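Colleague: Hi! Could you walk me through this one?

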Amino acid sequence: MNKDEFIKETTLLGIKLTDEEIYKFEEYKELLKEYNKKFNLTSITNDNEIYLKHFYDSLCITKAKELLNASSLFDIGTGAGFPGIPVAIVNKDIKITLVESNKKKCEFLKVVKDSLNLQNVEIINARAEDFAKTNREKFEVATSRAVANLSILLELEFPALSVGGVLIALKSNVQEELENSKSILKELNGTIKNTIEYTLPYEESKRTLLIIQKQLPTNSKYPRQYSQIIKSQKSMKKI
């Protein structure tokens with residue numbers, strides 16, 4: 001997907017990019033390639049693949065109508081800024097909080113924020129579980145891409161979601177994850193609100209947006225420490 005194709009396909013998503021936004025995506029791409037040599041941010045370094053697999057795929061989160069009226073979103077394990085920064089570029093009215101535990105990646109994110117003048121972005125250098133503990137019931141939308149399986153993701157993100165808020169998870173294969181998440185989903189008072197399947201253009205790989213709504217406040221014992229979450233996952237597999 002080259003730049004012109006990216007512009008065309010985002011229009012089909014309902015996003016009409018301005019000249020300023022197109023420039024910001026170009027600048028983001030160049031920064032990603034430059035800083036990847038220092039920080040090993042991504043294995044995707046080809047221009048066409050960056051436009052398709054990072055920028056376009058991130059913007060597919062806008063297929064979820066729950067994002068339309070949201071004013072706050074947090075993105076855990078954002079890495080080089082996906083999906084948070086592409087969403088921030090085209091949604092200036094949404095306050096985007098990027099949560100990343102890797103200090104060097106946070107340094108890169110700060111460069112991107114300043115270079116693109118993204119005033120709606122805040123960068124937090126913290127572990128996901130620590131962030132959730134100090135930001136309980138605060139955000140309308142939570143998201144992540146390629147961070148952890150759904151059962152782990154739910155525990156890391158749900159505590160910081162407000163009641164009625166939604167987790168929008170970008171996934172490639174969801175059936176097994178959904179099956180393994182039934183117990184924690186019930187414990188955290190979550191409901192599968194919608195699943196949206198789509199295909200990336202040009203390469204035809206399948207993707208799914210999982211939209212999960214929080215019905216009640218989260219028990220204060222969640223999230224547990226990450227080591228405890230992983231330990232419980234391994235115990236579940238043995239049963």
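Modeller: Happy to, and keep in mind that this is a predicted model. A good place to start is the hairpin that strand 6 and strand 7 form, with six residues between them.

Colleague: Which residue in the turn has a positive phi?

Modeller: That's Tyr-202, with a phi of about 75°.

Colleague: Nice. In what sense do strand 6 and strand 7 pair, and over how many bridges?

Modeller: Antiparallel, over nine bridges. Strand 6 covers residues 190–199, and strand 7 covers residues 206–214.

Colleague: I'd like a couple of partners to click on. Which residue in strand 7 is the bridge partner of Asn-194?

Modeller: Ile-211. You can also look at Tyr-198, whose bridge partner in strand 7 is Arg-207.

Colleague: Zooming out, what is the strand order in the sheet?

Modeller: The order is 3-2-1-4-5-7-6, so to speak from one side across. Seven strands make up this open sheet, and their pairing is mixed. At the edges sit strand 3 (121–125) and strand 6, each pairing on one side only. From one strand to the next, the twist averages 20°.

Colleague: Now the helices. Which strands does helix 3 lie across?

Modeller: Helix 3, residues 47–59, lies across strand 4 (139–145), strand 5 (161–171), strand 6 and strand 7. Relative to strand 4, helix 3 runs at about 150°.

Colleague: And helix 5, where does that lie?

Modeller: Helix 5 (residues 103–116) lies across strand 2 (95–100) and strand 3, and runs at about 165° to strand 3.

Notes
Residues are numbered from 1 along each chain as its sequence is written. This is a predicted model: local features need pLDDT of at least 70, side-chain atom pairs count only at pLDDT 80 or more; totals for chains, interfaces and linings use all residues. Side-chain values use heavy atoms; hydrogens and water are left out. Two strands pair if DSSP finds at least two bridges between them. Helices (H or I, at least four residues) and strands (E, at least two) are DSSP runs, numbered from the N terminus. Axes are lines fitted to C-alpha atoms, for helices over the stretch in contact, and angles run from 0 to 180 degrees between N-to-C directions. Contact means heavy atoms within 4.5 Å.
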